[in-house]
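Hello,

Here is the structure you are taking over. My notes on it follow below.

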Amino acid sequence: MSDMLLDWKRDEMCGLVSQAQVGQTMTVMGWVDTRRDLGGLVFVDLRDRTGVMQCVFDQADFSEEQFAKVESIRSEFVLAIRGKVTKRSEDTVNPKIATGTIEIKATDLKILSTSQTPPFYIEDGVNVREELRLKYRYLDLRRPEMAKNLILRSKVAQIVRNYLTENGFIEIETPMLTKSTPEGARDYLVPSRVQPGKFYALPQSPQLFKQLLMVAGMDRYFQIAKCFRDEDLRADRQPEFTQIDMELSFVQEDDVMTINEGLIQQIFKGAWGVDLPAPFRRMPYREAMERFGSDKPDTRFGLELKDISDIARDSDFKVFASIVQNGGSVRGINVKGGSSQIARRELDALVEYCKQFGARGMAWINVKENELQSPIVKFFTEEQIQAILNRMDAEVGDILMFISDTSEDVVFDVLGHLRLHLAEKLHLIDENKLDILWVTEFPMFEYSEEEKRYVAKHHPFTAPMDADIPYLKTDPARVRAKAYDLVINGMEAGGGSCRIYDRDVQEQVFEALGFTPERAQEQFGFLLEAFKYGVPPHAGLAFGFDRLCMILAHASSIRDVIAFPKVQSASCPLTGGPDVVEEKQLQELHIACTLDEE
């Protein structure tokens with residue numbers, strides 16, 4: 001039977017007891033991290049979220065019955081220990097922990113709760129399947145590295161609230177149950193019991209509501225908002241995630257970027273203690289794609305793309321020549337010193353790697369001392385080969401790798417993935433380097449082969465660049481948006497745009513997207529109605545809060561900075577959700593489930 005706390009109160013958390021308290025009698029409470037029985041002397045490291053405190057039980061200070069209780073202590077028991085704070089002897093000091101110079105000489109003990117043997121060790125770096133950790137997430141979160149992640153997350157949230165409040169923002173909550181709208185990922189739907197056959201949608205973002213708040217005159221809004229998207233998962237995605245969401249009135253791109261540079265500076269100063277220089281570097285979308293093959297470029301290393309289309313066009317290598325003559329391109333990267341690092345069989349593996357991103361193959365040239373090893377050089381003249389080597393800044397020992405396709409998007413996507421893969425494989429990334437930049441001037445639209453129409457690159461309310469408005473009707477592919485993404489170490493940390501506030505421009509955008517006036521009214525009628533009553537110029541941005549915390553915690557997945565995440569199947573190993581519900585509940589919602597037989 002467990003002891004009762006009664007009049008016992010905790011005087012200090014385990015990791016916060018200090019040398020200044022030596023000589024004081026105090027009570028600490030927590031879980032047993034480790035226990036060492038030296039025969040008549042029992043050492044217990046007591047743990048809570050702040051750290052550990054070594055407590056010493058000397059048999060001479062306890063009755064036989066009391067010491068039997070001490071000897072019954074096991075890992076993860078929950079204890080309350082009372083005793084005097086004393087200095088450790090010099091030979092027992094533990095410099096690895098904050099409380100390593102002191103200990104508590106115990107005089108009394110309460111066993112508040114016992115514990116079974118946990119399914120894995122409660123320690124950092126535990127080697128166990130992630131699904132098992134998530135099934136017992138409450139144990140996983142006892143591990144110091146996981147507890148630190150959640151404490152960091154809380155600290156960042158507080159920094160965000162303080163900074164934005166000081167800069168004139170109002171924190172406003174927007175609805176969780178809203179209307180399903182198109183032009184995004186798949187919605188999570190919630191059936192309405194009181195309106196049979198109708199559904200709410202969980203918000204993919206507060207986008208429309210925050211624009212309505214600008215119409216309402218709130219001027220500067222923010223929210224740390226929960227968002228939902230029913231999409232396939234990977235390391236940095238969850239079906240439910242959190243955004244630092246904001247919107248500002250009477251501003252332009254520079255204003256939004258400046259206020260958010262200040263926010264990021266505050267976050268990194270508070271979390272890492274580093275002073276980031278501002279303003280951050282800016283890079284147009286087109287430059288990012290042409291140099292790095294990605295709209296979220298990692299510029300901590302080289303391997304920049306080079307275009308050799310003009311040289312390949314007139315070569316006898318038909319694969320390259322025909323692609324360029326049909327409007328495609330040939331681009332490559334130079335792996336400096338690759339000859340000594342990449343074997344021939346590894347080149348073959350890289351060809352297969354490229355194919356999974358849409359490439360039909362990969363051409364390469366190995367620059368040796370007295371020769372060029374490659375299956376393609378025989379199709380080029382000496383002048384063309386020299387032009388390629390010059391364009392690629394090639395030297396002896398380099399390997400040149402080329403991708404060609406009639407679709408420039410495929411070329412960029414393949415080379416963008418290839419350079420990241422090689423950088424990781426060849427250890428080219430300085431993990432201690434912080435690389436922050438804005439990517440700007442995104443395309444307004446992208447063409448969907450599936451829908452045979454243009455779709456919004458961001459969302460239908462993103463404003464086009466002023467100079468490109470005339471192309472909305474004549475050449476939508478040419479239109480650039482007033483959009484901006486903040487990229488940190490090759491990850492999109494946040495993104496936003498200036499919004500359309502001119503009704504005529506909005507109608508032109510809807511037309512370019514293939515929306516009839518009726519469909520626009522059906523989907524966004526409440527916003528368009530609001531826009532009849534005076535709309536201020538406004539712009540906004542949303543940071544992926546989970547992803548930002550992942551970067552700050554040096555974690556490999558956002559699951560490590562979310563208290564109770566889902567796995568890749570969008571299920572929860574801890575609770576077993578999603579799960580079937582009682583037939584009565586379905587009947588109340590007027591829903592019938594039909595499952596295909598396997």
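In the model, which is predicted, strand β14 (residues 363-367) runs antiparallel to β15, and two bridges join them. One of the residue pairs here is Asn366 in β14 with its bridge partner Gln373 in β15.

These two strands belong to an open sheet of five strands. The order is β12-β13-β16-β14-β15, and the pairing is antiparallel. At the edges lie β12 (306-307) and β15 (372-373), each of which pairs on one side only.

A helix goes with this sheet. Helix α12 (residues 408-425) lies across β13 (329-335) and β16 (399-405). The angle between α12 and β13 is about 10°.

The other part I looked at is around strand β22 (residues 538-544). Which strands does β22 pair with? One is β10 (residues 240-249), which runs antiparallel to β22 and is joined to it by seven bridges. Met246 has Leu541 of β22 as its bridge partner. Another is β21 (residues 491-498), which pairs with β22 over five bridges, also in the antiparallel sense. There, Ser497 has Gly540 of β22 as its bridge partner.

Is β22 largely enclosed or open to the outside? Six of its seven residues are buried, with under 20% relative accessible area as the cut-off. Strand β22 is therefore largely enclosed by the rest of the structure.

Regards

Methods. Residues are numbered from 1 along each chain as its sequence is written. This is a predicted model: local features need pLDDT of at least 70, side-chain atom pairs count only at pLDDT 80 or more; totals for chains, interfaces and linings use all residues. Side-chain values use heavy atoms; hydrogens and water are left out. Buried means under 20% relative accessible area, exposed over 50%, partly exposed in between (1.4 Å probe, protein chains only). Helices (H or I, at least four residues) and strands (E, at least two) are DSSP runs, numbered from the N terminus. Two strands pair if DSSP finds at least two bridges between them. Contact means heavy atoms within 4.5 Å. Axes are lines fitted to C-alpha atoms, for helices over the stretch in contact, and angles run from 0 to 180 degrees between N-to-C directions.
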